[in-house]
Structures are given as C-alpha cells and as structure tokens.
Amino acid sequence: MVLKEPLYVFSIPPNVVASLRARETPRLPHLDVPATSEQPEPPRDTQTGSLACALCLGTVFTDVNDQRNHFRSDWHRYNAKMRIRDPSGISLTETQFASLVEGLEESLSGSASSSSSDDLSGSEDAVSALLHKHKHAGARSSSADGRTIPRSAVVWLHSPDVPDTQFGVYTTLFPMSTAIESYPDALRKMQEGGVHGRTWALFMTAGGHFAGMIVRVAKPGRLDEQNTEPNKKGKGKGSHHQPEIEILAHKTFHRYTTRRKQGGSQSLNDNAKGPAKSAGAQLRRYGEQALRDDIRSLLAAWVQELDACERIFIRASVSNRRIFLESEDAIIQKGDERLRTFPFPTRRPTLAELNRCLTELTRVKISHLTEEALQAADEAYFASLQPKQKPKPPAPPVPAVPKEKEKEKLSPHEEAARDKWRRLVDMVDKGRLEALQTFWAALLSNPPFIDGGTTSAANLNNRNSAAVDTPVPNWLREERKNHAATLLQVAAAAGQEDVVRWLLEDLRADPTVGVPSAVSPRGPADDGSEPEDAVEDNQEGSMLTSRKAYDLASTRGARNVFRRAAYAHPDWWDWLGKGDGGARVPSVLSPEMEEADQRKKGTRRKGLKERMKEREEAAKAKARAEADALAEKERLAAAEAAKFTLLKQTGAQRLGGVTGTTPGGTVSNPGMGAISPEMRAKIERERRARAAEARLRGSSTS
C-alpha cells in the first residue's frame with residue numbers, strides 16, 4: 001500500500017492526488033504543531049491524583065518536590081497557556097516541547113553546540129517566544145459555512161479513496177492568493193515539474209552563522225513520466241516515492257559577531273548602551289560587516305539561480321533580513337512574492353539543518369482519524385472560536401448599615417423628667433454639692449421624674465434612702481456610656497469625696513447595690529486585692545457582679561469615706577461583708593487610726609527633710625573641698641610660673657651660688673632665694689659632682 005512509505009508534495013501518487021478534497025475545517029487543532037513523523041504520537045492515558053498533572057498528559061511524580069518543579073517548568077506553563085487559548089487542543093509531550101524550544105532564534109548564540117536550549121536568556125523568554133510564534137502563525141480564513149477561523153500553517157486534505165486518512169501540507173508552499181478550496185488544484189499542479197523543473201533557495205543566518213542552498217526539488221516532466229528507483233529492499237514491494245532532490249549550490253560560513261554565552265549582536269548592544277571601545281567589540285563589528293559583505297557577494301554570484309527559483313525561504317532576524325532585502329543593489333527585492341519564512345522552529349544554520357528543513361517542508365503529514373472523531377473535533381474547535389462573554393463580576397456586597405434605633409416619642413412630661421435625670425447625674429459626676437443638695441430638695445417635692453416618670457411618688461417620699469437608691473435609667477446609662485447603677489456608684493467612680501460622704505451619711509445611700517457587669521473599677525482596692533466577679537440579676541434584669549460602689553472608687557480619699565462611714569455607722573450596712581449583701585469595704589477607719597497615720601506621715605516627712613538637709617550639707621562640703629583644691633592648684637601653678645619668669649629675667653647664675661649679698665654689698669646669686677629647698681639641694685649635689693670631676697681631671701694631668 002502506498003501509505004506504508006512517506007509521501008512528498010512533488011511525488012504524490014496520481015490516484016491519491018486526483019481525489020484530494022479540502023476539508024471543511026482546513027486544520028486539525030491538535031495536529032497543528034509541526035512534526036517530522038508520519039503519525040502523531042498517541043496521547044498517554046491521563047491520570048489524575050494528588051501527584052499527577054492532568055494537563056501534561058497525566059505525568060506522575062514520585063514526590064511533592066518533583067511535582068512543584070514540574071509546575072515551575074516551561075513545559076507545564078506552555079501547556080497551561082495554550083490550553084487557555086484553545087481549550088479543545090491537546091497538550092504537547094515533553095519531547096515535542098523540547099524540539100520547539102531548540103528552534104528559537106533567541107537561543108542562537110553562535111556556539112559550537114547544536115543544542116540551543118541552554119542559551120536562553122530566561123525561561124519566561126522561551127515560553128513568550130513560542131506563544132508569540134503560535135499567535136502570529138497565520139492570518140484568518142473562512143470555512144465553507146462562513147465561519148471565521150484562524151489560518152493554520154498546515155492545510156489538511158482528505159481523499160475518498162483513502163478512508164479515515166488526512167493529508168497535511170504546509171500552506172507556505174502554495175501561492176499567497178490561493179483560496180482554501182483551491183489547495184487540491186494547486187497541489188496537482190505541483191506534480192508537474194515544468195520545462196526546467198522546480199528550484200528553491202533556502203537561506204539561514206543567526207549568531208554569525210550563515211547557510212545557503214539552491215536545490216532542485218522536482219525534475220522536469222510529470223511523475224508518471226519519470227523513472228522511479230525501486231526500493232533498496234526490492235523484491236517487488238513497491239516504489240519509493242521520494243523525488244530526486246538535487247543540490248545545485250550551497251555555502252556555509254561563520255563570522256565572530258556575538259559574545260559567547262551572552263547573545264545579541266554587537267550592533268544591537270551599541271544601539272542600546274552606546275559604542276563599546278574594547279578590542280572584542282571592534283572584532284565583532286568587523287565580523288558583522290564581513291558577514292554582510294560575504295552574504296551579498298554570494299547572492300550576487302547566485303543571481304541567475306535565484307532568478308529561476310520558485311520559492312525563496314529566508315530565516316533571519318529583523319536586522320539580518322536587511323542584508324538580503326535592503327541594500328542598494330539587492331538581488332532579492334523586498335515584497336517579492338516568492339519570499340517565504342520557515343513555518344516551524346529551526347536550529348543553528350548549517351547545511352544539515354537546511355536538508356532537514358527541506359525534508360520537513362516537502363513531506364506530507366498524515367493523520368488517521370475517523371469521521372466521527374473529525375466531526376467532534378471540528379465542533380469543539382468551532383465552539384472554542386466563539387467569543388466568550390466575560391462573566392459579569394458579582395456586585396460587591398453592600399455592607400450592612402446598622403439600623404439606628406428609632407427615637408422614642410416622648411411626651412413633654414417625660415422629656416422634662418429625663419432632663420432632670422441628666423442634670424442630677426451631671427451634678428453628681430462633677431461634684432457640685434451645694435447645687436446638688438438644692439436640686440435634690442426640689443426633686444423630693446416633685447417626685448414623678450425617675451425613669452421617664454414611671455416611678456411612683458411613694459418610692460420617693462418614704463425616705464431619702466429610698467429615692468437615692470433608685471437605679472439610674474437604662475437610657476441614661478447608654479447615653480453616658482457609663483453603666484453605674486446608682487448615684488453612689490456614679491460619685492464613687494468620679495472620685496467626688498464630698499458627694500460620696502453626703503450620699504452615705506446624710507441620705508444613707510445603699511453601698512451594697514451590685515455594679516453592672518459592663519462597668520470596670522477605676523482603681524485598685526486599698527489592700528491590693530482584685531474584685532471577685534459573681535453574676536446576679538437586678539430588678540431590671542441586667543447582669544450584676546459582686547463588685548460594689550467601693551470597688552468603683554477611683555481615689556484613695558473616696559475609699560476612705562466608705563471606711564469612715566463603716567466605723568461611724570457599723571449597724572447601717574454590712575460594710576465588711578464580701579457576699580451579695582456586703583459592701584466589700586476592707587477595713588474601718590477610726591479617728592485614732594487617722595491620727596496615727598498622720599503621725600507616721602509626719603515622722604516620715606520629718607526624716608525625709610533631715611535626710612535631704614544632710615545630703616545638701618554633704619554636697620556643700622564637697623563643693624567647698626573641690627573649690628579649695630582647685631584654688632591650691634592654681635596658687636602652685638602661679639608660683640611655678642613666677643619662678644620661671646624670675647629665672648628668665650636674671651639670666652644664668654653660678655651653680656650653687658648663695659643667695660644674699662657679699663661682704664662688698666653685691667648680690668652673689670639673686671635667683672637662689674626663690675628656689676625651693678629640694679631644688680637647692682639638687683643644685684648643690686650637681687655642684688659638688690662637677691667639683692669632684694674637676695679635681696680628678698687636675699690630678700690626672702699632673
């Protein structure tokens with residue numbers, strides 16, 4: 001059978017090429033990646049699990065570290081981004097991805113190695129470059145039913161004579177204006193070699209390397225008129241349908257233009273950072289100019305062969321393409337319809353790479369898919385091309401605004417009662433005792449004001465203690481953000497000693513009323529003990545603790561008021577009790593105790609004054625001693641200065657001279673009188689030593 005051997009675009013059997021038809025969808029989404037093999041590699045069984053990657057064909061890992069490294073790899077990131085672009089596509093195997101990376105132009109650094117994956121500037125550059133090439137692989141075309149699809153680098157045809165088989169040919173081999181439905185006719189015309197045959201030109205340059213070749217891909221005449229050579233295995237097993245490719249001319253050379261392991265030409269580096277002045281930079285500039293001259297000289301030598309070429313394939317960067325197309329006497333004109341680029345990744349420019357690319361261009365790709373599989377693939381592909389509506393972002397949750405409590409509608413009488421409560425508590429909190437006493441007397445004459453006027457007058461008229469122990473209304477506690485339950489607790493928390501004394505002794509306020517749990521004591525107890533919490537219910541249903549008014553007292557003076565009242569009126573309340581009915585006062589305070597405390601304080605103050613006085617006297621004595629020492633030091637310094645000045649004025653004197661006057665009345669040694677006894681003894685010893693030395697010299701001479 002003819003499909004047992006590779007097929008080439010210029011030597012397709014006549015019975016097959018005559019029946020070829022264009023598919024409705026001229027591309028197979030999962031076979032658009034170029035490959036040199038006849039049949040695509042069958043996908044692996046997809047495995048899922050905690051240590052498997054369902055995206056990369058079910059790759060399984062031995063541990064979590066391998067899985068993390070895989071997720072960071074270029075292979076996984078490329079498959080993930082391609083799946084986002086085309087959800088119906090099939091991911092690449094690791095081998096296919098490696099072959100794509102090897103052909104990136106950015107990886108060519110001019111080194112001797114044929115592998116270019118190590119010279120990438122970064123893993124992100126490799127993935128971005130592959131995605132960019134895939135994005136710009138072709139223009140957009142229309143299917144038979146008018147649906148617009150992206151144009152692929154490979155067009156897929158089918159033949160009724162060969163069921164469940166698809167044939168793929170690179171679209172770059174056909175004229176630019178060829179429509180999709182005209183591809184089979186154009187392929188049939190390619191089976192005719194013409195009068196002189198078909199010739200192509202292939203050029204590659206990158207990283208200082210250049211490779212060029214002019215090749216005859218088809219001989220003159222038709223396939224059935226040519227003598228096909230039998231298969232080397234022979235024995236009547238059919239003919240080998242590869243055409244006789246003839247290389248008419250070829251040339252390769254290399255120039256030093258790129259720094260090793262750094263990439264980028266010297267001209268690009270000069271444009272970005274300014275001209276470098278090193279010797280290596282000058283060599284690279286010379287290499288670039290020599291490379292341009294060599295390429296243009298070669299094109300001028302091959303001008304006749306180039307004029308006869310049907311296709312001219314050029315693989316070069318943007319700057320290197322100017323060598324071929326933008327010189328004054330360019331052999332190949334810009335915009336020539338014969339110009340093509342290689343529709344697949346390529347490696348370093350060599351003659352072997354040109355032969356590989358030529359084989360890849362001319363070999364027919366073959367796929368074996370059933371009609372049902374093709375139809376399902378087409379439907380999935382067209383569905384993926386539909387513009388996806390971006391889901392509307394959910395509306396941000398509206399923060400719940402706390403509902404303001406509706407203000408109670410009060411009667412004028414209730415408003416007046418509440419105003420009285422506010423004034424009363426404010427006077428207690430600020431310690432305005434005289435105004436408070438007057439206001440309290442007025443309230444007793446008009447009692448229905450407490451808690452909005454709901455308290456009966458009998459509760460106020462029985463006695464002062466009944467009125468003074470009336471709980472502060474809840475609305476006032478919330479308004480003041482202070483949950484003190486009674487007027488006594490308000491006064492104790494504010495530290496108002498006079499008001500606390502008046503409430504305890506004159507009005508006999510109850511100190512055993514519990515404090516609501518929301519209130520914290522403002523100061524510690526005198527004995528340093530912490531209050532114990534015990535919850536109980538009051539008349540209004542609020543939670544009360546075991547703390548009492550004494551625990552809220554914020555100053556020592558306010559706490560002493562409770563202790564004095566406990567001593568003066570021990571039978572009024574259980575002052576020292578710690579239970580629910582006790583006032584939690586730690587101890588009583590009698591006048592004798594206060595007097596003793598005052599004496600202790602006086603003694604302490606007196607001792608403190610004495611110690612302060614002693615410290616001051618010691619400091620003064622120390623200051624006087626330091627002043628005397630300083631004065632003595634200055635006096636000695638002045639005396640030494642005077643001695644030095646006197647010696648300087650009198651000049652040199654006889655060593656050991658005696659101060660005073662001679663019998664003749666002259667001063668024998670006036671400077672000796674100002675010398676200290678120690679200095680005078682030293683001078684006398686030196687004088688005697690010199691006299692002894694003189695006697696010794698005299699005796700030795702005689």
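This report walks through the fold, the salt bridges, the charged surface patches and a few individual residues of a predicted model.

## The chain as a whole

Let's start with the broad view. The protein chain has 702 residues, and 37% of them count as buried. Its secondary structure comprises 23 helices and 15 strands. If you take the contacts between residues at least 6 apart in sequence, 66% of them join residues at least 24 apart. The surface that the protein chain exposes comes to about 41,000 Å², with carbon and sulfur atoms supplying 52% of that area.

## Salt bridges

Side chains of opposite charge can pair when their charged atoms come close. In this model the count of salt bridges is 21. Three of them are set out here, with the gap between nitrogen and oxygen for each.

| Salt bridge | N to O distance |
|---|---|
| Lys-334 and Glu-326 | 3.7 Å |
| Glu-353 and Arg-356 | 2.8 Å |
| Arg-422 and Glu-479 | 2.9 Å |

The pair of Arg-422 and Glu-479 links distant parts of the chain: Arg-422 belongs to helix 13 (residues 412–430) and Glu-479 to helix 17 (residues 474–480), and their positions lie 57 residues apart in the count. Arg-422 is partly exposed, at a relative accessible area of 31%. Glu-479 is partly exposed too, with a value of 46%.

Salt bridges with shared partners also tie Arg-322, Glu-326 and Lys-334 into one network. Within this network, Lys-334 is exposed, its relative accessible area being 62%. Its partner Glu-326 is partly exposed, at 44%.

How many residues apart are Glu-353 and Arg-356 in helix 11? They are three residues apart in that helix, which spans residues 351–362, so about one helical turn separates them. An α-helix has 3.6 residues a turn, so residues three or four places apart point the same way. Is Glu-353 buried or exposed? Glu-353 is buried, because its relative accessible area is 5% and buried means under 20%. Arg-356, on the other side of the bridge, is partly exposed at 25%.

## Charged patches and helix 22

Now to the charges on the surface. Lys-600, Arg-604, Arg-605 and Lys-609 gather there in a patch of positive charge. One of these residues, Arg-604, is found in helix 22. A negative surface patch is made up of Glu-610, Glu-614, Glu-616 and Glu-617. Glu-610 also sits in helix 22, which covers residues 591–650. With a relative accessible area of 44%, Glu-610 is partly exposed.

## Helix 19 and two unusual backbone angles

Helix 19 runs over residues 497–506, and its buried residues include Val-499, Val-500, Trp-502, Leu-503 and Leu-504. Just after this helix comes Arg-508, with a positive phi of about 55°. Arg-508 takes this positive value although it is not a glycine. Its place is in the loop between helix 19 and strand 14 (536–537). Arg-508 counts as partly exposed, its relative accessibility being 34%.

Arg-584 is another residue other than glycine with a positive phi, here near 65°. You will find Arg-584 in the loop between helix 21 (556–568) and helix 22. Is Arg-584 buried or exposed? Arg-584 is buried, because its relative accessible area is 9% and the cut-off for buried is under 20%.

## Ser-128 and Lys-81

One last stop is Ser-128, which lies in helix 5 (residues 123–135). Ser-128 is partly exposed, with 36% relative accessibility. How far apart are Ser-128 and Lys-81 in sequence and in space? The two residues are 47 residues apart in sequence, while their C-alpha atoms are 9.9 Å apart in space.

Methods:
Residues numbered from 1 in each chain as written. Predicted model: local features only at pLDDT ≥ 70, side-chain atom pairs only at ≥ 80, totals over all residues. Heavy atoms only, no water. Patch = residues over 30% accessible without salt bridge, like charges linked within 9 Å, V, L, I, M, F, W, Y side chains within 5 Å. Areas by Shrake-Rupley, 256 points an atom, 1.4 Å probe, with all protein chains shown as cover. Salt bridge = Lys/Arg side-chain N within 4 Å of Asp/Glu carboxyl O. Lys, Arg positive; Asp, Glu negative; His and termini not counted. Charge placed at Lys NZ, Arg CZ, Asp CG, Glu CD. Helix = DSSP H or I, 4+ residues; strand = E, 2+ residues; numbered from the N terminus. Buried < 20%, exposed > 50% of the residue type's maximum accessible area, 1.4 Å probe, protein only. Contact = heavy atoms within 4.5 Å.
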